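Hi everyone, thanks for coming. I'd like to take you on a short tour of a structure that may be new to you, so settle in and have a look at the screen with me.

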Amino acid sequence: MAAERFAVGELVFVPDPDDAFVLRKVHSCGKGSGTDARLEVTRVDGKGGVEAVRDALAVVEADPLSVDGAEDMVKFTNLTAAALLHNLRVRYARDQMYSCAGSILISVNPFKQLNIYTEKEMQRCKDADVKELQELPPHVYVIAEGAFRGMLVEQKMQAILISGESGAGKTEAAKACVKYIVARSHAASISDGSASQGNAKFIEKCIISANPLLEAFGNAKTVRNSNSSRFGKWVEIQFDASGFISSSKATSYLLEKSRVVEHAQGERTYHVLYQLCKGCSAEELRELHISDASAFKYLERSAKMQVIGIDDVKQWKETVEAMGDFKLQDQEQLFVRRLLSGLLHLGNLRFDAVQLSSQDDGSCVSPSCATTLKSVAAMLGVGEPGLEQALTIKSVGKFPVVQVPQPPEKAAAARDALAKALYGHLFEWLIARINEEMRSNAAAAAAADSKRKIGLLDIFGFEAFAKNSLEQLLINYANERLQQFFNVYIFRLEEQECRSEGVECPKLEFADNSAVMSLLESKPTGVLSLVNEEVLVPNASDTNLLSKMQQSHRAHSAFKTMPRSQGDGFTILHFAGDVSYEIEGFVDKSRDALPSELTVLVAGSSMPQLPAMFKPSEGEGGTAARGGGARARSGGGG
Ligand SMILES: Nc1ncnc2c1ncn2[C@@H]1O[C@H](COP(=O)(O)OP(=O)(O)O)[C@@H](O)[C@H]1O
Ligand SMILES: [Mg+2]
């Protein structure tokens with residue numbers, strides 16, 4: 001006869017509609033393990049009487065360590081989702097935001113300043129011997145110290161990967177890591193006192209100054225986070241043999257360019273655009289033809305919004321200071337201001353239809369926007385007629401080239417495409433300038449060993465909105481890759497290690513995502529390959545792309561066609577959940593190409609930085625030939 005699943009008095013986790021799982025004490029338990037097994041529980045404090053559990057099968061034994069909250073969850077004998085969540089909750093209530101599972105640090109955003117990022121805490125990590133470091137309470141500094149030692153002592157390249165949903169605290173964690181690493185390197189340079197010190201100090205300052213600059217241009221207020229990074233970032237810090245920082249390099253991914261031209265209610269576009277309008281001197285504003293932020297279409301929704309923790313005037317000062325730290329000359333700073341102002345004025349251009357006898361309607365800049373057109377042209381250093389023509393007439397074909405007038409809606413789309421391209425290129429230009437500064441000084445430094453590197457990844461977490469598009473597909477693909485990395489390195493290597501030591505390894509259960517990965521990245525018919533291919537074919541369209549996906553993957557276990565009632569698209573069964581992607585816009589976004597007229601226009605700008613910014617870098621062909629946005633290089637954001 002079957003025995004009772006739980007003993008009377010045993011602690012268990014019971015599913016709960018509000019709290020996922022709650023801790024309860026078994027009051028009575030029927031025999032057997034079927035759904036009919038009767039289970040009654042009480043609250044641990046004994047209050048509230050006896051409750052009958054509806055879904056007894058979903059109840060799990062409470063790991064004793066999790067009940068009161070333990071630092072390292074790898075030590076649990078029963079590491080269930082319920083135990084993990086309960087453990088985090090108990091610790092969070094005690095202001096213990098960090099827990100860990102082996103080498104993985106788990107952080108729960110406290111949304112308040114905890115006094116845990118102190119010099120004393122840094123010193124404790126720095127002074128700990130190998131064993132002590134392993135036993136210190138979980139902290140982001142412990143992770144950073146581990147990476148620092150791995151880099152310096154074992155001379156192995158280190159990577160700290162930070163993942164989580166928007167607002168989870170990824171960027172703050174990355175900043176804490178950098179702060180620790182800089183301080184650690186600084187301490188090494190003080191004790192050494194060698195000639196490399198000066199350079200190390202300079203790079204340290206640059207690394208710290210890069211934050212306000214990148215945040216001004218790359219962060220925005222969203223409904224989830226008032227300082228949300230709208231790009232992914234990989235920062236690589238290089239050290240010399242003494243542990244001094246010798247250089248640093250940032251790479252950005254997928255800046256959300258669409259935010260330049262539109263943002264949702266309750267959100268803002270990029271901080272720097274408000275900073276510019278509010279923080280510049282009266283004279284600068286006159287030069288930029290700016291009167292009031294709310295006069296700009298791209299800002300009007302949010303120009304008057306007050307956001308706690310954001311002071312645009314003060315932050316503009318910091319942005320300017322940071323530009324100075326990176327040695328942006330006055331001329332270059334003027335260029336940045338003019339470009340930002342130019343794209344804001346650009347957003348105010350309206351177009352009127354022009355009826356043509358022999359063809360479809362064309363358009364012209366509305367006469368009421370004549371002054372705006374002047375401002376845009378002046379800011380971007382281009383001629384007014386050329387600007388108007390590039391926005392309203394498209395050249396089609398090669399031999400002969402036919403000039404096709406564009407209707408107002410197409411001219412408006414070209415206007416927004418130009419604004420997005422200007423901003424995207426400016427962002428990449430800034431990152432290149434930051435990297436250049438940190439590299440040129442590093443060149444003079446003592447020979448840097450390529451293995452002495454610590455990389456930090458801060459990217460968007462998994463996304464599933466009501467409407468998802470190419471941006472979400474690329475972000476979720478990146479997260480699938482990270483998940484695969486975890487699977488391979490944490491689980492498979494653990495199994496291999498046990499095997500190589502002749503220890504019997506229990507079968508490790510994990511959600512293997514290799515099926516989704518092959519659905520996404522196999523060649524030539526994986527979803528991403530199909531997207532890349534579609535932009536190259538002459539009759540490219542979203543509809544054709546969707547039908548190719550359906551033909552290739554109809555039978556795939558991780559692929560479903562979206563129900564017609566929800567629109568045209570497809571669903572992917574990701575490791576973190578199902579996400580439905582609307583196909584509309586996939587081809588255009590993937591192509592991410594600026595109409596050639598506009599490329600020619602900016603190439604003729606009298607501001608030398610502008611044509612240089614738009615020049616394809618070495619090895620880059622046309623955007624379509626590169627595979628466009630699907631290469632996760634410079635997509636359009638979501
Ligand atoms: N360690 C922390 N301590 C205190 N507040 C934090 C911490 N981490 C994040 N926050 C708060 O949460 C907000 C969002 O954090 P952020 O790192 O920008 O999120 P993410 O990069 O994951 O979107 C921060 O602006 C800050 O107010
Ligand atoms: Mg962030």
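I'll start with the whole chain, then go to the metal site, a covered helix, and a few single residues.

Before anything else, please keep in mind that this is a predicted model. Every value I mention is computed from that model.

So, the overall picture. The chain has 638 residues, and 47% of them count as buried. Its secondary structure comprises 23 helices and 20 strands. If you drew a box along the principal axes around the C-alpha atoms, it would come to roughly 90 × 70 × 50 Å. How does the radius of gyration fit with a compact globule? For 638 residues such a globule would be near 26 Å, and the chain has 28 Å, so the two agree.

Let's stay with the whole chain for a moment and look at its contacts. Take the contacts between residues at least 6 apart in sequence: 63% of these join residues that are at least 24 apart. On the outside, the chain exposes about 31,200 Å², with carbon and sulfur atoms supplying 53% of that area. As for charge, there are 71 positive and 81 negative side chains, and the centres of the two sets are 2 Å apart.

Now to the metal. Which residues coordinate the magnesium ion, ligand 2? They are T171, through OG1, and S229, through OG, at 2.0 to 2.1 Å. These two come from distant parts of the chain: T171 sits in helix α6, residues 170-192, while S229 belongs to strand β10, residues 228-229, and their positions lie 58 residues apart in the numbering. Both T171 and S229 are buried.

S229 also turns up in the surroundings of another residue, N219. You will find N219 in strand β9, residues 219-220. With a relative accessible area of 1%, N219 counts as buried. Setting aside neighbours within four places in sequence, N219 is in contact with L214, N227, S228, S229, R230, F231, T269, Y270 and H271. So a residue that coordinates the magnesium ion is also one of the contacts of N219.

Next, a helix that is mostly covered. Helix α18 spans residues 527-534, and seven of its eight residues are buried. Which ones are they? V527, L528, S529, L530, V531, N532 and E534. What do they pack against? Their partners are four helices and a strand, namely α16 (470-500), α17 (514-521), α19 (542-553), α20 (586-591) and β19 (569-574).

Just ahead of that helix, have a look at the loop between α17 and α18, where P524 is placed. The peptide bond joining K523 and P524 is cis, with omega at about 5 degrees. As background, most peptide bonds are trans, and most residues other than glycine have a negative phi.

That second point brings us to two more residues. A20, which is not a glycine, has a positive phi of about 70 degrees. A20 lies in strand β2, residues 20-29, and counts as partly exposed because its relative accessibility is 35%. F111 is not a glycine either, and has a positive phi of about 50 degrees. F111 is in the loop between β7 (104-107) and α3 (119-127). Buried or exposed? F111 is exposed, with a relative accessible area of 66%.

Two last stops. H289 is in the loop between α10 (282-287) and α11 (312-325), and is partly exposed at a relative accessible area of 39%. Not counting residues up to four places away in sequence, H289 touches H345, S375, A378 and M379. H289 and R338 are 49 residues apart in sequence, with 9.6 Å from C-alpha to C-alpha.

Finally, F351, in strand β13, residues 351-354. F351 is buried, with a relative accessible area of 11%. Beyond residues up to four places away in sequence, F351 touches a list of residues including C364, V365, L391, P408 and R415. The C-alpha atoms of F351 and G362 are separated by 9.6 Å, and the two residues are 11 apart along the chain.

That's the tour. Thanks for listening, and do rotate the model yourselves while we chat.

Note on methods. Residues are numbered from 1 along each chain as its sequence is written. Chains are lettered from A and ligands numbered from 1 in the order in which they are written. This is a predicted model: local features need pLDDT of at least 70, side-chain atom pairs count only at pLDDT 80 or more; totals for chains, interfaces and linings use all residues. Side-chain values use heavy atoms; hydrogens and water are left out. Donors are N, O and S atoms within 2.8 Å of the metal (3.2 Å for Na, K and Ca); water is not among the atoms, so sites may look incomplete. Buried means under 20% relative accessible area, exposed over 50%, partly exposed in between (1.4 Å probe, protein chains only). The radius of gyration is taken over C-alpha atoms; the globule rule is 2.2 Å times the number of residues to the power 0.38. Contact means heavy atoms within 4.5 Å. Accessible areas come from the Shrake-Rupley method with a 1.4 Å probe; for residues, only the protein chains shown count as cover. Lys and Arg count as positive and Asp and Glu as negative; His and the chain ends are not counted. The place of a charge is taken as NZ of Lys, CZ of Arg, CG of Asp or CD of Glu.
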